[in-house]
Structures are given as structure tokens and as C-alpha cells.
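Visitor: I'd like to learn how to read a structure like this one. Could you take me through it feature by feature?

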Amino acid sequence: MRAAVVPGVDVAWELREVATPSPGPGEVLVRVRACGVCVNDVLATRGMLPFPAVDPAVTGHEPVGEVVEVGAGVTSRRPGDRVGVTWVRAGCGRCDYCLRGLPVTGQTALNCPAPTTTGFTAPGGHAEYLVAAAESTVLLPDGLAWELAAPVMCAGYTAWSALRAAEPRPHDRVAVIGIGGLGHLAVQYAKACGHETVAITGSADKHEAARRLGADLVVADGEQLRAAGGADVVILTAPSHRAAAACLAGLRVQGRMVLAGIDGVEPFTIPPAMTYPFFSQGQRITGATHGGPHLLREALELVAAGRVTPWVETFPATRVAEAVDRVAKGEVRFRAVVEY
């Protein structure tokens, strides 16, 4: 089969011929039709996240495709099923976190010392075929296009999980920091739920796009958010804790801030000027990642219903290196999807 192999740290991806995998007991073989390119794929390529621990190194955790073969004992999936494969497949089953019996979610990857993760510890979706446990797949809604389903497997899943973690109430105003792969979906999910929605971006060239995505208001920073009346919910989708901390100025009384963007450089710190307001106004800050299969299904259904539409740029497999390079440079509006 053809696969996009990462030859080494800071080396361009290459399309190569590699062995086609076969499903074992409890597993399915998926003919991959599309796979999104996440910023974390780029960070792994650059060595800023753990390099894919598989040989050959094939990353990609937003794969969708058709089941073409099932292994022994599989009854929940059958050939012809349209599925997506989750990023986190399983925990080690032996650590303190796993022994608590918690469901497999994004938290598993962050708390278990040896999780099975697509594209990092297990072969990823940037290939023509992919093997995964049947229980690590989710059925796609009928009629949902491959290129629209792929970004939901991580970006949409994260954005929807973050919104749900904020527990927005009717008539709450929701603000989204960063209009990129996650943020452009978070704005749409908030709007689809009927919330007045604010986009926060320092990129002036994204203001018109944010309005087209459904934002009722676009501001540049936390001070502008405060001046515009603030927000009950603020969701960080950009990789900047500094931007999130600055937006505390616009968080309303009893407001909730959700950190869903990964900042691998700076810890989150409440600015000294905001310490007293934070504790006196009943505000809270929480984190969010993939929150569970039920949330992934909800995120997919909203896209299938046409209430949310990922903005994608598609690339044939022969141009995968170009897709990765454009993601690295921030030139994609807003998700690159490679078709296999």
C-alpha cells in the first residue's frame, strides 16, 4: 500500500510503498479515504512532540474510511461500514489511572504512561489501509463526505468537547480564542447551539472569515472583549496560554474558561491584576480534550446535519508533503485533508 512516511525529525514526508497490514482478533482493516493533517502531526515531525513510535513512521489521527475486512470475533463492525478511527484507542490497563475504570478519552493519553494512540504509538491514518480495534472506531453518519468527516475526528471532537465542558446555559455568550483548525469549528458549534458568539483573533485577515463562520462579533483581544460586554464562556483553541490569560479580563461573573489549545511553552498563569476578580466573581478554569465517544458522535451528527461545516483544503496523497508544509506555515484555511 501507499503510505506517507516520516523519514525522520525535520524531514519532509515521503509517499512510499509499505506492507499492507492484516487485522487480528478484534480488529478491522480500514481502507482510508481521507485523513486530516493536525498541527500535532507537524509538531511530532519536528520533534516537539514524541516522534511516531512505529516503523515505518506513519502519523495521522483523523482517518476515515471503509471497513474492508474484520478479524476473528468482531461482531460490531462489518465490511462496508463507514468509520472513523479515534486518536486514543486504549490505555495500558495497569496504571493507577486505568485501574480506576475510567472511559477511554483524551484524558487517557495524558494520564496513562503507555496509551495506544493513532499515529503516535500505533500506525496512523496517512496511508491507504489502517488496522484498528473495532471498539476504536466510530460509525459515520450516512451521507457525510469523507473530507468533512476527517477533521471532526480530532479538531471537531476537541472543539465540541470544549464547548460541552463549559456547560453553557441558554442565553450565554460564548467567545472563542483563535480562528484556526479548532477555532473555526468551535465558533460554528457555539452558533449551532443558539449562542451569541464572539471570535477573538489578532489576525485582521481572519475577521471577515470569522463573520462568515457565524460570529456575531469579532474582537482582537481580551480588552476589546471586556469593552464589548464580556462573555460567559471563553474557549481557548489557539496554542497560547498568554492569550487565554489576557482574555480573563473579558470573562463575566461566574464565567467559565476552557483551555483546549495546547501550549507546550508557557504554563497558564492568572495575571496578578486578575487574581482578586477571579476569586471574587465565582469564575472557573478547566481543561478539555476528547471527552468520550458520545461527544464524538454528537460532533459528527452536527456536521452531517449541515449545521457545522469544516472549511477544508484537500490534497491528493502525492501532495502530502505540500499539505504538511502549508499547515506548518499556517497557510491553510482551516484544515488540510489528504485523500488516499
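Visitor: Let's start where the two domains meet. How many residues of domain 1 and domain 2 are in contact?

Guide: Keep in mind that this is a predicted model. For contact, the idea is to look for heavy atoms within 4.5 Å. Here, 21 residues on the domain 1 side touch 20 residues of domain 2.

Visitor: And where does each domain run along the chain?

Guide: Domain 1 comes in two pieces, 2–154 and 291–339, while domain 2 covers 157–287. Their C-alpha centres are 27 Å apart.

Visitor: What area is buried between domain 1 and domain 2?

Guide: Think of buried area as the accessible area that two parts lose on being put together, summed over both. For this pair it comes to about 1,900 Å², with carbon and sulfur atoms giving 61% of that.

Visitor: What about charges? How many salt bridges does the rule find across the interface of domain 1 and domain 2?

Guide: You want a side-chain nitrogen of Lys or Arg within 4 Å of a carboxyl oxygen of Asp or Glu. The rule picks out 2 of them across this interface. As for polar contacts between the domains, 12 residue pairs turn up, with both partners at pLDDT 80 or more.

Visitor: Which helix gives the largest share of the domain 1 side that touches domain 2?

Guide: That's helix H11, residues 293–304, which supplies 7 residues. Sort that whole side of domain 1 by residue type and you get 13 nonpolar, 4 polar and 4 charged.

Visitor: Can you show me a salt bridge atom to atom?

Guide: Sure, take arginine 333 and aspartate 205: their side chains pair up in a salt bridge, 2.7 Å from N to O. Arginine 333 is also worth a look in the backbone, as its peptide bond to phenylalanine 334 is cis, with omega near -5°. Phenylalanine 334 sits in the loop between helix H12 (320–328) and strand S17 (335–339).

Visitor: Where else should I look for a cis peptide bond?

Guide: Try aspartate 55 and proline 56, joined by a cis bond with omega about 0°. Proline 56 belongs to the loop linking helix H1 (39–45) and strand S4 (63–70).

Visitor: And phi? What is its value at aspartate 10?

Guide: Near 65°, so a positive phi in a residue that isn't glycine. Aspartate 10 is in the loop between strand S1 (2–5) and strand S2 (14–17).

Visitor: Zooming out, how many helices and strands does the protein have?

Guide: There are 12 helices and 17 strands. The radius of gyration is 20 Å, close to the 20 Å from the globule rule for 340 residues, so the protein is as compact as a globular protein of that length.

Conventions: Residues numbered from 1 in each chain as written. Predicted model: local features only at pLDDT ≥ 70, side-chain atom pairs only at ≥ 80, totals over all residues. Heavy atoms only, no water. Domains from an automatic or database assignment. Buried area = accessible area lost by both parts, 1.4 Å probe. Polar contact = N/O pair within 3.5 Å; in protein donor to acceptor, adjacent residues only side chain to side chain. Helix = DSSP H or I, 4+ residues; strand = E, 2+ residues; numbered from the N terminus. Nonpolar A, V, L, I, M, F, W, Y, C, P; charged D, E, K, R; others polar. Rg over C-alpha atoms; globule rule 2.2 N^0.38 Å.
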